[in-house]
Amino acid sequence: DRQGNLWLCLDDGVAHIALNSPFSRINTEGALLTMQVLDNQIYLGTTQGIFNANWGVSSNALKGKSTFNLMPNTQEQAWRFLTTDNGFLAAHVRGVFHINGQTATKITDDYTWTLAQMPNQPNLVIGGTSNQGLILLEKDASGNWHKKHHIKGFEESSRYVAIEQEKHIWVSDPLRGVFRLTLSEDLKKVEKTENFGITEGLPSQTYNFVYRISDEILFATEQGVFRFDEGIGSFRKHENFMQIPKARKLSEGLNGQIWCWTGERVALLNKDKEGNYNPDYKRFDKLSGMDIYNIFALDSQNVFFGTPNGLLQYNPSFFAQSEENTNFQVHFRKVSALDNDSVFFA
C-alpha cells in the first residue's frame, strides 16, 4: 500500500504485514531488563541471564543471522548495566559481574539492583543492594574490579540510586520511600539518613523513582516529575515538567531529549526554548498498556525498549516514512446507539 506495508489474501482471511513499521521485536529468553552495546557486541540483561550477540551498525542492526548466546554463569536476573573504561558492570541477582568481551567475572555475591558511578572518580562505583543498603566497588591499578566494602549505617532495599555529590546519595525503592544519605569522608558509613514522604511534599509514600538526568536529580512520581527544593526543604513539582501528569521511568536521550514511561504510555520529551519539556505520545501509541522496564537511546536510528516479551527496536526514520500520506477524510454514514438511550446529541 502507499505506506509501504503489505496485504495478503489468505485461505482463511486477510493479513496485514507492517513492513514499514518503525518497531521491530527481538524475542529474548525472559523479560528484557537492561542492555548495552559495546565493541560490536550487544548485551541483553534478562530475567534468565545475560545474553550477547554480534552487532552491526545499520538502520536494522539486529536483522540477520546473529544468535544470542547465554554468557556462562550469568543465569537469573540481570537488572542494570553500567559502562566502565574496560567493559561494563552488571548488577545481578547473584552479585555484580564485570563483563569484558565474552568473559563475565563475578566480583561480589550481593544481590544488587543498580549501579551508579561516583562523580569524578571513574574507579569507584556505588551498588544498591536488595537487603543491605549500599556497597562500594573499586577498580585497582591492574584494572580489576572488586568489592571494597559494605557502606555501614543503612540497610534498606536500594533499587534506585542517584549520586548528587560525592557524599550525598539519593536512594529510592518503590515500596519504601525516598532517602537522602550523607556519607563519611572515607565512604565507609552513612553519617546522616533523611527519609522523605508525603509530609515533605511527595504525592505518595510509594512508587517514587529517583534518577540523575543531565546532572540534575529528578523524581518520577504518580503525579509527575518532582525535584527537591533545598531552600524550603521539601519536594515540589518540577516547573519544566508541568506537561507530564505521571512518570515512572526516565531515561536520558539524545540532544537534550528525555524518554519517559508513565506506567501506561511512552513519551519522548522535547525541550523548548523556555526550558520546558513537552511530551510526544503519538508515535508510541502502539506501546500503550505495555510494561517498559528500560529505555536505551543508542543513536539517532536505534532506540530500544525492554519489555516483558523481549526487546523492541525503534527506528525514527521508519516512523517518518510510515506517517507519509496518512491524512485522509472519514465519511460517517450511520450512527447507532449501543444501549436503550436514543439521544445522540444534547
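## Close-up views of salt bridges and a sheet

**View 1. Arg-236 and Asp-229 meet through their side chains in a salt bridge.** Look for the N-to-O distance of 2.8 Å in the next view; here, the N and O atoms are 2.9 Å apart. The 2.8 Å value belongs to the pair Glu-230 and Arg-180. Keep in mind that this is a predicted model. Is Asp-229 buried or exposed? With a relative accessibility of 15%, Asp-229 counts as buried. Its partner Arg-236 is partly exposed, at 32% relative accessible area.

**View 2. A salt bridge joins the side chains of Glu-230 and Arg-180.** Where do the two residues sit? Glu-230 belongs to the loop between strand 22 (224-229) and strand 23 (234-237), while Arg-180 is part of strand 18 (residues 177-183), so this pair ties together parts that are 50 residues apart in sequence. The two ends of the bridge have contrasting surroundings: Glu-230 counts as exposed, at 51% relative accessibility, whereas Arg-180 counts as buried, at 9%. If you are wondering how such pairs arise, side chains of opposite charge can pair when their charged atoms come close.

**View 3. Glu-222 and Arg-248 form a salt bridge.** Their closest N and O atoms are 3.1 Å apart. Glu-222 lies in the loop between strand 21 (216-221) and strand 22, and Arg-248 in the loop between strand 23 and strand 24 (249-252), so the pair ties together parts that are 26 residues apart in sequence. Glu-222 is partly exposed, having a relative accessible area of 29%.

**View 4. Salt bridges link several residues into a network.** Which residues take part? They are Glu-222, Lys-246, Arg-248 and Glu-264. You have already met Glu-222 and Arg-248 as a salt-bridged pair. To put these views in context, the structure holds 17 salt bridges.

**View 5. Four strands make up an open sheet.** Follow the strands in the order 3-30-29-28, and you will find antiparallel pairing. Which strands lie at the edges? They are strand 3 (23-26) and strand 28 (294-299), each of which pairs on one side only. Neighbouring strands of this sheet are turned by 20 degrees against each other on average, with direction ignored.

**View 6. Strand 28 runs antiparallel to strand 29 (residues 302-307).** How many bridges join these two strands? There are five. For one residue to look for, try Asp-299: its bridge partner in strand 29 is Asn-302.

Notes. Residues are numbered from 1 along each chain as its sequence is written. This is a predicted model: local features need pLDDT of at least 70, side-chain atom pairs count only at pLDDT 80 or more; totals for chains, interfaces and linings use all residues. Side-chain values use heavy atoms; hydrogens and water are left out. Two strands pair if DSSP finds at least two bridges between them. Axes are lines fitted to C-alpha atoms, for helices over the stretch in contact, and angles run from 0 to 180 degrees between N-to-C directions. A salt bridge is a side-chain nitrogen of Lys or Arg within 4 Å of a carboxyl oxygen of Asp or Glu. Buried means under 20% relative accessible area, exposed over 50%, partly exposed in between (1.4 Å probe, protein chains only).
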